[in-house]
Amino acid sequence: MKRRYHLRWPFLIYCVLTLLVALAAMNGGLNLLYWVFGVMVSGLLLSGTVSGAMMMGLRVRRTLPAHGVVDQPLVVRYIVNNRRRLLPVFNVHFEECVVADRPSWDRLMSAARASVMHIGPREIVHGEAEFRPTRRGEAWFDGVRMWTTFPFGIIRKSITRSQPQRLLVHPRLYVLRRKVLDAIAPPGAVGLKITAQAGSGDDYYGLREFRPGDSMRHIAWKRTANRDELISIERTRPNPPRIRVVLDLTSPADESTSGDALRELEEQAISLAASIVHAADFAGFEIGLTILGTDRLPIAIRRSHWHCNRLMAALAAIDLESPRSTVRTQPIVEPSRAGVVVVHPDRVNPAVATSSGGGEAWHFTARQLPHLVVATATPVTTASAAGAPSDAPERSEPCEPGTAA
Amino acid sequence: MSLLRSFPIAALALTLLSIVGFCAAEESVELLLVATTLTALSWYVTEGPRGRTLPRWVSNLLVLAAGLSVVVDLLIPPNDIAGVLGRFSVWLTLIKLYERRTARDHAHLMGLSLLLMIVGCLRTQELLFGIVLVLYVLLGLYVLLLYQLYAAREAETLTRRAAPDAPGLDPFRVARGPTIGRHVGLQFRLLAVAIATIGLTLSAVMFVIFPRTVGRGMLVAHLPLPVRSAVSGYADEVDLDAGTRINESRRVVLDLQITDAEGRRVHREGPIYLRGAVLDRYETGRWSRGPTVGGRQIHEMLAHVAVRLGTDFVPAAPDLRQVYRFRDDTSTVFTIGPPASLTSETPHRFEYLPSTHTLRSADPAYLYGYTIGSYDKPNETQWASLARRVEPAPAHTPAANRPGGPRIRRLAHTLLGRAGVPTTPPDADEPWHWNLLAARVFRTYLRSDAFRYTLDLSDVVRGDTDPVVHFLLEDRQGHCEFFASGLVALCDAVAIDARLVTGYVAREYDAAAERYIIRDAHAHAWTEVRGGPFSYLVIDPTPPSILASLNTADLALTDRFEWLYERLEGNWTSGIIQFDGRSQAELLVQLDRGWSRRTSALVQGVTGWMARVNRGFHLGPAGYIWLGIVGIAGVIAIIAVIKLVRRYRVIRRTLHLDLVPAKESGRLIRQLGFYPDMLDVLRRSGLAKPAWQPPLTFATAIATAQPHAADLVNEISGLYYDARFARRRLRGEEVTRAAELVRALDRVLRRP
């Protein structure tokens with residue numbers, strides 16, 4: 001815990017004014033000014049002691065959300081406990097300190113501040129600071145600085161408490177056009193598919209003996225009435241569409257694109273992959289993820305809230321500065337029946353396109369992003385992404401499967 | 001939040017108060033009417049149903065006009081810088097009141113209001129302004145506290161409005177109120193009251209202890225500061241330039257009982273003059289004591305032993321006995337006429353000046369009371385005896401400093417000629433009768449309608465003219481000091497030996513107590529004119545109706561309100577405005593005396609109690625040693641009990657024994673003191689246990705951080721678990737062993 005008094009401009013102005021009053025009082029021997037001087041000095045003393053007494057009784061605990069998303073509000077809550085028996089606390093602000101030895105939060109988002117106007121004695125209140133991440137990645141938080149200028153705004157007293165915490169900021173999410181997801185879904189009969197296995201779906205699959213834990217609603221009462229034991233109804237397991245998103249982060253084919261523009265394209269590719277994952281999860285697909293060019297192992301195709309978060313975390317944690325392999329070491333073609341969509345940063349990598357099974361995979365590039373997302377979605381802010389790419393299709397539709405550069 | 005909503009109106013009230021204060025200091029009714037009306041109107045205009053504010057260009061134009069008026073004001077003499085600054089601040093304040101007001105503008109307005117009050121302090125020190133100033137400080141503290149919340153809230157609102165998904169822009173986003181706990185209004189007001197109380201107490205302490213003699217007049221050449229103030233009470237010096245107003249404090253200074261030679265109480269209808277100081281030296285508006293002529297007598301008085309003053313031979317015994325009881329500390333001894341004998345109630349040291357027939361206390365100790373014997377109407381022989389046959393010297397004022405001069409001499413001659421009195425004594429060797437005759441002519445003139453008695457001279461512009469000359473020849477209004485000074489000046493102009501005397505006039509008689517009550521407001525100045533070789537007679541030029549009004553028994557209702565205000569003003573003046581280095585010294589002496597008295601009383605009480613106990617137990621001289629040992633043992637026992645209670649509370653808090661049954665709790669407290677001791681040792685080494693961490697997890701964490709201490713911590717934690725959670729009663733040797741382990745842990749952690 002670090003305590004500090006910040007003597008800023010208001011303090012200096014106040015001191016100068018107090019000094020002038022003292023000079024005027026001494027010059028004229030004016031007792032009223034002597035008293036005013038006494039009041040001003042008392043204000044100075046009280047400003048330091050009251051703010052110090054208030055702040056020393058405060059305990060703060062930061063609660064981070066599970067993750068943040070680029071361009072979406074990231075609300076960090078501070079649970080503030082005033083441990084004083086009698087003294088209330090007014091007008092306290094909470095800020096995050098920059099972390100020195102780890103990837104600090106300030107790389108990904110600008111500073112924000114939480115304010116709590118009042119905390120009664122022995123009370124706990126929650127303050128909120130609303131950050132707005134501008135980049136994805138790993139953000140470390142450490143010191144929480146709480147400060148106040150109460151009561152008189154002359155002296156700023158701050159206390160910093162260390163609380164190391166980590167947060168992942170997920171990539172920016174775009175709203176995909178409807179046909180994008182329809183197109184990349186694996187071909188098959190129209191409607192929801194089911195498997196030949198028992199599961200948690202809605203359709204009838206069969207009957208079996210009651211097992212402890214079965215819901216009463218699943219008991220087949222007519223059958224049970226004819227027997228001496230309880231019979232449960234089994235349901236089918238749904239078999240939703242399955243896709244594997246492949247993010248190609250091997251070296252770009254177009255060597256002329258480099259530097260910041262390349263990084264931006266890679267970021268957009270990550271965002272596009274994340275948007276596809278998010279949209280597919282929302283549509284009930286089972287999703288898998290493969291990231292080429294990094295040592296990250298492919299993530300199997302599953303469907304759940306946690307699985308989706310796992311995929312998003314994998315995309316968020318990609319470190320573009322780390323060394324990347326240019327050779328594809330992981331299989332792209334999904335052995336199970338699943339659609340494959342490959343996202344490239346700049347141009348379609350021929351090697352990847354060839355190995356992906358020819359016409360069974362969809363290939364998108366980051367340059368096609370404006371054509372894949374709804375226009376009212378979060379605008380693409382970078383110059384490289386804002387301009388219409390020369391190789392983009394004119395129609396607002398996803399590219400054909402297997403399109404090669 | 002209603003607290004925040006109350007801020008703008010509270011800030012407006014503060015501004016209004018500062019404007020009222022400044023106008024009261026300036027005594028400008030016109031400015032008060034205009035400014036307060038515009039201020040009140042600004043609330044309706046800006047915060048009313050239509051809520052209009054001045055456009056920026058209009059307010060800039062108005063500020064420019066106010067600036068021009070400042071330039072014009074400064075060019076027109078007299079250069080009243082403080083007044084100009086104050087008026088400019090008033091106009092700026094009014095312009096800002098009609099502008100759109102953000103938190104920053106409110107801060108500007110508060111700054112301007114502070115400036116107005118400081119300028120007001122430079123202009124006046126009167127009670128009315130003082131009341132406004134105190135109210136301003138109290139309200140200002142509250143508004144300043146409120147401003148912190150208001151400004152923070154406004155900054156937060158602006159930040160949220162600037163966000164891309166602000167509540168106004170994003171329909172799914174709702175505006176949030178400030179984060180507050182329960183009873184915010186009540187707690188805020190209580191805190192404000194506490195801060196105000198502490199702040200005012202501290203400021204009072206600062207006011208009392210700040211040295212008054214430092215830096216006086218260091219900027220006066222560059223910054224003349226006109227200050228109006230009021231004075232009250234008796235002083236052994238008269239400064240005619242000091243106070244522009246005299247107020248009438250009703251504070252009781254002393255009471256007086258007079259008895260005649262037969263022991264009967266004396267109550268006279270007319271005023272009784274209590275002589276305090278005889279001032280025969282005049283210099284530029286200031287009367288003071290001249291050098292002592294004929295030596296002085298120092299009397300070391302014993303309690304209740306009378307001492308005769310003057311020569312040893314006194315023609316007759318004093319026929320008046322005056323018993324004085326003081327309510328306040330003073331060094332002046334008041335007497336009716338020349339004192340003939342003195343009796344003190346306590347051992348005391350007095351100084352008697354025969355040339356002026358005055359007494360003074362020559363002892364720093366408090367003078368509670370004394371008794372004076374005097375002659376009701378002393379004859380010349382008695383005067384001579386009391387003056388030790390030292391003929392009084394004429395006034396000690398150098399001729400150049402005398403307020404007379406040709407103009408006053410002409411006036412004196414005119415007055416004497418008009419009354420048919422020769423301008424020079426018929427017999428130069430025996431001028432006494434003519435002295436009194438001429439002085440009475442002058443007194444009649446001063447009591448005529450040509451002169452007006454007033455306590456308020458705040459609107460008198462005197463310039464460089466001598467105050468007495470100005471009083472006699474130009475202004476012709478003033479209070480008793482001016483009347484007495486005028487009479488002395490007229491007497492001096494025709495070579496009559498006269499002197500100014502300050503003291504009290506006793507008029508208010510308490511028939512029940514058979515005493516005269518003397519108040520601050522009864523302070524008076526009059527003249528003594530030499531009426532014999534050794535004698536002086538009282539000639540009071542102040543109109544008698546004024547002296548009659550000093551008795552306040554027959555006040556009307558309105559007069560009583562005025563009386564109340566004047567009483568307040570008197571206390572304000574004597575307690576606040578006239579508080580100076582001497583007052584500080586007196587306060588220090590009183591405090592010192594008070595502490596000494598209390599300490600000595602305490603010591604005496606303890607000593608007496610010990611003596612009684614000693615006598616009761618027949619212990620003899622060694623009993624004091626025994627009592628001392630018992631006392632020390634008692635102190636040690638108290639300290640031990642305090643430490644035990646504190647340790648008990650620490651163990652109870654650390655082991656979370658609130659919900660454990662009392663019997664079990666007692667056992668745990670007796671046995672598990674070693675665990676808090678271990679935590680304390682670890683905390684001192686920077687290994688504080690987090691509140692949420694279970695003991696075993698903590699022990700594991702210690703094993704990582706301090707491997708060499710891990711075994712000890714594990715063993716202690718194991719014992720703790722056994723007793724606390726397995727409810728095993730530890731044996732004595734186990735508790736001892738645990739304490740040894742804690743000590744070993746301390747040694748291990750201290751080792752570098």
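In this predicted model, strands β14 and β15 of chain B make a hairpin, with four residues sitting between them. One residue of that turn, B:His357, has a positive phi of about 55°. The two strands, β14 (residues 348-353) and β15(B), run antiparallel and are held together by four bridges. One of the pairings across the hairpin puts B:Glu351 opposite B:Arg360 of β15(B).

Strand β15 (residues 358-361) of chain B also has a partner in β11 (residues 332-333) of chain B, again in the antiparallel sense, this time over two bridges. Here B:Thr332 is the residue that stands opposite B:Arg360. Put together, B:Arg360 is paired with B:Glu351 and also with B:Thr332. As for side chains, those in a regular strand alternate between the two faces of the sheet.

Further along chain B comes helix α12 (residues 467-475), and this one is mostly covered, with seven of its nine residues buried. The buried set runs from B:Pro467, B:Val468 and B:Val469 through B:His470 and B:Phe471 to B:Leu472 and B:Leu473. What do these buried residues of α12(B) pack against? Their neighbours in chain B are helices α10 (405-419), α11 (432-446) and α13 (480-493), along with strands β6 (281-283) and β18 (477-478).

Another covered spot turns up in helix α15 (residues 557-577) of chain B, which is home to B:Thr573. B:Thr573 counts as buried because its relative accessible area is just 1%, and the cut-off for buried is under 20%. In sequence, B:Thr573 is 340 residues away from B:Gly233, yet their C-alpha atoms are 9.5 Å apart in space.

The surface of chain B has something to show as well. B:Val29, B:Leu33, B:Val34, B:Leu38, B:Leu41 and B:Trp91 make up a nonpolar patch of about 510 Å². Helix α3 (residues 29-47) of chain B gives the most to this patch, with five residues. In an α-helix, residues three or four places apart point the same way, because there are 3.6 residues a turn. B:Trp91, for its part, comes from helix α5 (residues 81-97) of chain B. With a relative accessible area of 33%, B:Trp91 is partly exposed.

Chain A calls for a word on confidence. Its average pLDDT is 82, and 83% of its residues score at least 70. Residues 376-405 of chain A are another matter, with pLDDT staying under 50. The model still gives that stretch 54 contacts beyond four places in sequence. Where pLDDT is low, though, the predicted coordinates should not be read in detail.

Notes
Residues numbered from 1 in each chain as written. Chains lettered and ligands numbered in written order. Predicted model: local features only at pLDDT ≥ 70, side-chain atom pairs only at ≥ 80, totals over all residues. Heavy atoms only, no water. pLDDT = per-residue confidence, 0-100. Contact = heavy atoms within 4.5 Å. Patch = residues over 30% accessible without salt bridge, like charges linked within 9 Å, V, L, I, M, F, W, Y side chains within 5 Å. Areas by Shrake-Rupley, 256 points an atom, 1.4 Å probe, with all protein chains shown as cover. Salt bridge = Lys/Arg side-chain N within 4 Å of Asp/Glu carboxyl O. Buried < 20%, exposed > 50% of the residue type's maximum accessible area, 1.4 Å probe, protein only. Pairing = 2+ DSSP bridges.
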